[in-house]
Amino acid sequence: MKITTILGTFTTLSVALPIFNGNKIAWLALESLCNQSDVDFDWELLVCEEEHENMVGEEYIQKYASRLAEKRCCRILYMSLPEKVTLAKKWQLIGSHIAPTSKAFVLQAADCYSPSKRLSLSYKAIQNGVDWYDIKYGYFYSLISKRVILYRYNGRTNLNMAFKSEYARTIPDTDLTAGIDNFLLTHCESKNQSISIMHDSYLFEDSVDVHGANNISIKREEYFDTKPNIFQVLNTPIDELGLPKDVIEKLKSLEVNG
């Protein structure tokens, strides 16, 4: 494992970004982090990916360093792994390397353009005593069918998840390859029997989760048509979401094998 510190060393919030086969889509998460607003605290970005032909690489991450610093990202940690590991293992690995001053742990997917207020809302919730925070509404965009889908569900876990860093530091080892979100919440519950869980009801027009760009999300297409209690297919084109125009055009031009 290779660890490189690009910027400084102090933080109160940690953004965890695990990547696999993300060379076509990881720019999306990074662009959204460069678009954060109302950030009045220092935070760090921790990236973890395997070494393979479709890797993003440290050099690419470094290209965002100055723009991220403008949003008070004071530390970037890049971890490269010699072989493939599960997503759960990546969360565990990242959690074990967060700064000792970190209070909030934000789970950033490589194929998610996070809302501009994600970091500020997550940090505020954790500061106010919430142990687990997520958002129960949001948009998906399918690269396979070119559809916009509304996610609306009050599930056990939802979108834009974050939880206290003290729990992230002790994520246990597991062989799970599915149900990882529930595994993480269960871990948090094991640390606090009176856990405070907040499922926020914001619906952000400036955010989208992209489907079809990685090995996990490519399996989700059938859910859009078979789970109407969770997913509502809209007639809204992606152009009508509140994303930057250059982000929309780049998403529309992406090709996937669905």
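Biologist: Which residues does Leu45 touch, not counting residues up to four places away in sequence?

Modeller: Leu45 touches Val15, Leu17, Leu30, Leu33, Leu68, Cys73, Arg75, Ile76 and Leu77. Contact here means heavy atoms within 4.5 Å. This is a predicted model, where local features need pLDDT of at least 70, side-chain atom pairs count only at pLDDT 80 or more, and totals for chains, interfaces and linings use all residues. Residues are numbered from 1 along each chain as its sequence is written, and side-chain values use heavy atoms, with hydrogens and water left out.

Biologist: What makes the largest nonpolar core a core?

Modeller: The term covers buried Ala, Val, Leu, Ile, Met, Phe, Trp, Tyr and Cys residues joined through side-chain atoms within 4.5 Å. Buried is under 20% relative accessible area, exposed over 50%, partly exposed in between (1.4 Å probe, protein chains only). The largest such set has 49 residues. Among those with the most contacts inside it are Leu13, Trp43, Leu45 and Val208. Helix H1 (residues 26–33) gives the largest share, six residues. A second, separate core has 25 residues, including Leu46, Leu81, Ile94 and Leu107.

Biologist: Why is helix H4 called mostly covered?

Modeller: Helices (H or I, at least four residues) and strands (E, at least two) are DSSP runs, numbered from the N terminus. H4 spans residues 87–95, and seven of its nine residues are buried, so "mostly covered" fits. The buried ones include Lys90, Trp91, Gln92 and Ile94. Their cover includes strand E3 (43–50), strand E4 (73–81) and helix H7 (180–191).

Biologist: How do you know that the buried residues of H9 sit on the same side?

Modeller: The buried residues of H9 (residues 245–253) are Val247, Ile248 and Leu251. They cover an arc of only 100 degrees around the axis, which puts them on the same side of H9. That arc is taken from the directions from the helix axis to the C-beta atoms. On the other side, Lys245 and Asp246 are exposed. H1, E8 and E12 are among the elements covering the buried residues of H9.

Biologist: What makes a space a cavity?

Modeller: On a 1 Å grid over the protein atoms alone, a 1.4 Å probe fits at its points but cannot get out. By this rule there is one cavity of 30 Å³ or more. The largest holds about 60 Å³. Its lining includes Pro115, Tyr137, Phe204 and Asp209. Strand E8 (137–142) is one of the elements giving two or more residues. E8 gives the most, three residues.

Definitions and conventions. On a 1 Å grid over the protein atoms alone, a cavity is a set of points where a 1.4 Å probe fits but cannot get out, and a pocket is an open set with protein on both sides within 12 Å along at least five of seven lines; lining residues have an atom within 4 Å of a point. Grid points are joined across faces, edges and corners, and a volume is the space filled by probe spheres set on the points.
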